[in-house]
Amino acid sequence: MNRGGSVAVVLGTRPEIVKLARVVRGLGEHGRLVYTGQHYDDTLSGSIFRGMNLPAPQLRLGGIGGMPRGKQIGAMISALCDAFTVDPPRAVVVQGDTNSTSAGAQAAQYCDIPVIHVEAGLRSRDRAMPEEINRQVVGVLAELHCAPTEVAAANLRAEGVPPARIRVTGNTIVEAVTDSLPGAEESLAMLRRYGVPDDGFVLVTLHRPENTDDPHRLRLILDELERLGLPVLFPVHPRTLHRAEGFGLRRALAGLGAVDPVDHRAFLGLARHARLLVSDSGGVQEECTVLKKPLIVLRNSTERPEAVEAGFATLLRPGPDLGRVAREYIADTTLAARLASRPSPYGDGRASERIVELALALAGRPAGPPTPHTSPALHGPSAAPRRAAAADAVPPVASPVPSL
């Protein structure tokens, strides 16, 4: 007996939940929500399901959060293979570059189920990044690659992915931002709650190991932020807080407006009224192009060059350049108007709609009301040719995708 929809959506972190929310809702009864529990802190994921108006997951893995990377991916693969063997979906959707993404794609492949990779083709060329390895693993396994931009699609073609398996859909972050962005009154209430002035503060997020696990680098960042001349609001990721405490930097954090993590809606409400964003997050690099806000990306490299090339973001390593560039942004009185007129490179807000159509086509299910489950599952010895036939049947997407 089939206990879930024909398309399984595997996710495990807050960004995946945010970016796949419209896909899950669009699949409706055809979808099956699978939560790996990679983000095991309710402040990072549990509240997001409720906030994004998503159903409770049909499958929730236990004991995954907090494991070392190799053990975590292995445990997820094992549990997902068990679930997919008992009740195989006809297609599996994974998003981005997390451990859950890698595990979901591998489990599906081992069970002869076609994989749809959302946000496919991003490449930093930095193999020291765990996310880069996850992206490349899924790039080998995916049956259908939903690339957010033509740059990402070109990366896939350069790696030998057949063009017929690539669709430029746009990035689901555009609709995620428009769905979650609070109104002006609610946003201004958030500013009052945190005691920061409209267009007069710097909003900071920081969580990547390259920044948090090096005490010298983390201190450099905190010192430069302290000298910016504007109030700083810093929702602190649990990883960053743990590292700062271990390095004796808790007092430096407290002087920078450190607060507990905020949900996606609150972050967007604060970001829309910030003078400047500073972050090492991949998602914020996309969100700034929809919010029309300047961003300093504190990273060694980025897999999202589109935000930099469009003029929304500047890529920097920690050091004196952080303070210098930030002060230049803050002092530029014409910057806001210039950014407001620039289109986002990530599409027109219809990426989720396109991905749902592609997923249902690959799974052999029409869009609309659910139909009886009469076709054999994509499982067993003859699955590979059926997967190829399904991939050939997915509809094309107009390219280039319009910008917002």
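1. Let's start with helix α13 (residues 264-271), which is largely enclosed by the rest of the structure, because 7 of its 8 residues are buried. The buried set is H264, A266, F267, L268, G269, L270 and A271. Bear in mind throughout that this is a predicted model.

2. What does α13 pack against? One partner is helix α7 (residues 173-180): the two pack at an angle of about 85°, with their axes 9 Å apart. That angle falls in the 65 to 115 range, so α7 and α13 are roughly perpendicular to each other. On the α7 side the contact involves A176, V177, D179 and S180, and these meet H264, R265 and L268 of α13. Sorted by class, the α7 contact with α13 has 3 nonpolar, 2 polar and 2 charged residues. H264 and L268 are worth a click, since they appear both among the buried residues of α13 and in the contact with α7.

3. Helix α7 also has a crossing with helix α1 (residues 14-27). Here the axes come within 8 Å and cross at roughly 90°, which makes α1 roughly perpendicular to α7. From α1, the residues V18, K19, R22 and R25 take part, and they meet I173, E175, A176, T178 and D179 of α7. By class, this α1 contact with α7 has 3 nonpolar, 1 polar and 5 charged residues. If you want to look at α7 from both sides, try A176 and D179: they are listed in the contact with α1 and again in the contact with α13.

4. Now the sheets. One is an open sheet of 7 strands with parallel pairing, in the order β3-β2-β1-β4-β5-β6-β7. Its edges are β3 (59-60) and β7 (166-168); each has a single partner strand, so one side of each is left without a neighbour in the sheet. Helix α6 (residues 150-158) packs on this sheet, where it touches β6 (144-147) and β7, and its direction makes about 165° with that of β7. Elsewhere in the sheet, strand β1 (residues 7-11) pairs with β2 in the parallel sense over 5 bridges. In that pairing, V9 stands opposite L33 of β2.

5. Strand β2 brings us to the aromatics. How many aromatic pairs does a search of the whole structure find? The search turns up 1. The pair is Y35 with F49, in an edge-to-face arrangement: 5.0 Å centre to centre and 85° between the planes. Since Y35 lies in strand β2 (residues 31-35) and F49 in helix α2 (residues 46-51), the pair ties together parts that are 14 residues apart in sequence. Are the two rings' residues buried or exposed? Y35 counts as buried at 4% relative accessibility, and F49 is buried too, with a relative accessible area of 6%.

6. There is another open sheet, made of 6 strands with parallel pairing and running β10-β9-β8-β11-β12-β13. The edge strands are β10 and β13 (313-316), each pairing on one side only. Further in, β8 and strand β11 (residues 276-279) pair in the parallel sense over 4 bridges, with V204 opposite V278 of β11.

7. Strand β9 (residues 232-235) deserves a point of its own. Both of its faces are covered: V232 and F234 on one side, and L233 and P235 on the other, are all buried. Strand β8 (residues 202-205) runs parallel to β9 and is joined to it by 2 bridges, and V202 stands opposite V232 there. Another 2 bridges join β9 to strand β10 (residues 258-259), also in parallel; in this case F234 is the residue facing A258.

8. Last, a glycine to check. Where does G200 sit? G200 is in the loop between α8 (184-194) and β8. With a relative accessible area of 12%, G200 is buried, because the cut-off is under 20%. Leaving aside residues up to four places away in sequence, G200 touches L230, P231, H273 and R275. The C-alpha atoms of G200 and P231 are separated by 7.2 Å, although the two residues are 31 apart along the chain.

Key:
Residues are numbered from 1 along each chain as its sequence is written. This is a predicted model: local features need pLDDT of at least 70, side-chain atom pairs count only at pLDDT 80 or more; totals for chains, interfaces and linings use all residues. Side-chain values use heavy atoms; hydrogens and water are left out. Buried means under 20% relative accessible area, exposed over 50%, partly exposed in between (1.4 Å probe, protein chains only). Two strands pair if DSSP finds at least two bridges between them. Rings of Phe, Tyr and Trp (its six-membered ring) pair if their centres lie within 6.5 Å; planes under 30 degrees apart count as stacked, over 60 as edge-to-face and the rest as tilted. Axes are lines fitted to C-alpha atoms, for helices over the stretch in contact, and angles run from 0 to 180 degrees between N-to-C directions. Angles under 35 degrees count as roughly parallel, over 145 as roughly antiparallel, 65 to 115 as roughly perpendicular and the rest as oblique. Contact means heavy atoms within 4.5 Å. Ala, Val, Leu, Ile, Met, Phe, Trp, Tyr, Cys and Pro count as nonpolar, Asp, Glu, Lys and Arg as charged, and the others, Gly among them, as polar.
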